[in-house]
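The report below considers a ligand site and a domain interface in turn, with the criteria for each term given where the term is used.

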Amino acid sequence: MTHRLPRIALLATGGTIAGLADDASDLIGYRAAQLGIADLLARMPALDGLATLVPEDIAAIDSKDATPAFWQAVGQRVQAAVDDPDIDAVVLTHGTDTLEETAWYLQLTLRTRKPVVLTGAMRPASAALPDGPQNLADAVRVAADPRAAGRGVLVVMNARILAARRVAKQHTTSIDAFGLRDDAVGAVYDGATRWRDPVPARIPAPPFSVQTPLAPVDIVVGYAGCSTAPIDALVAEGVAGLVWAGTGNGAVPTAVASRLRAAVDAGVVVVRASRSGRGAVTRCAPDDDQPFLHSGDLDPGKSRVLLMLALGAGEPAAALQGHFDALASPRVTP
Ligand code: ASP
């Protein structure tokens with residue numbers, strides 16, 4: 001009996017991994033999204049006998065320019081790939097600036113147990129020592145591992161395997177930009193994948209799909225003496241939801257509370273999240289004497305994506321907090 005190699009759809013969207021500078025020493029002044037997937041594969045270390053790769057360029061953008069419409073287009077292409085019985089897993093190359101938002105959108109919308117792995121690079125392909133080729137090879141290695149199935153959407157950067165649930169870019173330029181906050185769920189080293197925990201029995205699956213419309217939701221950041229003008233302007237613009245990225249435990253300054261309250265009275269859903277980076281935003285007086293939801297340990301960006309989907313799906317107001325509670329991390333971050 002011949003053993004069939006895993007067939008992995010390799011979908012490219014641009015980013016620094018496909019970026020080029022004029023000079024190999026220039027790690028900053030490059031143009032993202034210049035190379036197609038064929039060029040990226042030509043530069044990747046060989047993975048002979050590991051998988052059959054099915055490459056396709058599906059976009060060519062700098063991910064700073066990603067939009068909700070881009071998430072949906074990518075999501076629909078990835079869902080089609082995982083629905084194909086001949087495809088066992090997907091690797092998606094993506095710019096690092098908004099990789100965490102696309103990964104979380106996919107986590108909330110894809111219907112599959114097949115591995116879906118995002119990767120990118122902090123250095124352009126033209127660098128003397130680029131990180132992209134190794135990241136791509138590592139991502140393929142993870143996607144080819146049957147133990148990657150059923151873990152939700154994964155991100156592989158700098159030899160770490162991270163869950164979409166908590167991944168965040170935490171450094172502007174370091175090749176270790178994604179390892180600081182999230183405890184990795186695994187690692188790739190010595191030519192093999194290592195997993196910290198067994199495959200979870202069940203990952204909460206909210207009732208969204210890649211067809212779910214995305215409602216307009218924006219983030220307003222809190223800081224000492226912050227203006228309330230952005231809140232009023234966004235409400236006037238017709239936003240459906242606001243994520244308050246407050247200080248500490250999602251704290252709401254007194255001057256801001258009345259404007260957020262006015263937003264709620266105007267029909268806008270308000271979620272308190274935190275700009276702090278670690279820990280959960282919990283119910284606490286007096287902020288929850290106000291009709292605001294709280295984000296648990298979802299950061300402001302991930303809270304926004306969840307709220308966009310929940311409101312876009314027409315979820316009743318009474319169900320919204322339940323989505324945040326259901327997705328709260330079982331892992332405590334001290
Ligand atoms: N601006 C680039 C992007 O997000 C950064 C990167 O890929 O590292 O596409």
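## Polar contacts of the ligand

In this predicted model, an oxygen atom of the ligand is placed 2.4 Å from an N or O atom in the side chain of Thr-96, and a nitrogen atom of the ligand is 2.9 Å from an N or O atom in the side chain of Asp-97. The backbone also takes part, since a backbone N or O atom of Ala-121 lies 2.9 Å from an oxygen atom of the ligand. The protein covers 95% of the 260 Å² of accessible area that the ligand has on its own, with areas computed by the Shrake-Rupley method using a 1.4 Å probe.

## The surrounding shell

Around the ligand are Gly-15, Thr-16, Tyr-30, Asp-62, Ser-63, Gly-95, Thr-96, Asp-97 and Ala-121, where a residue is near the ligand if one of its heavy atoms lies within 4 Å of it. By class, this shell divides into 2 nonpolar, 5 polar and 2 charged residues, in a scheme that counts Gly as polar, Tyr and Ala as nonpolar, and Asp as charged.

## Domains and their interface

The domain assignment, which is automatic or taken from a database, gives domain 1 (7–195) and domain 2 (217–326). Taken over C-alpha atoms, the centres of domain 1 and domain 2 are separated by 30 Å.

In contact (heavy atoms within 4.5 Å) are 15 residues of domain 1 and 11 residues of domain 2. Between them the two domains bury about 1100 Å², of which 57% is on carbon and sulfur atoms; buried area here is the accessible area (1.4 Å probe) lost on putting two parts together, summed over both. The interface holds 2 salt bridges, each requiring a side-chain nitrogen of Lys or Arg within 4 Å of a carboxyl oxygen of Asp or Glu.

## Basis of the values

Residues are numbered from 1 along each chain as its sequence is written, and side-chain values use heavy atoms, with hydrogens and water left out. Local features need pLDDT of at least 70 and side-chain atom pairs count only at pLDDT 80 or more, whereas totals for chains, interfaces and linings use all residues.

Notes. A polar contact is a pair of N or O atoms within 3.5 Å; within protein, one must be able to donate a hydrogen and the other to accept it, and residues adjacent in sequence count only if both atoms are side-chain atoms.
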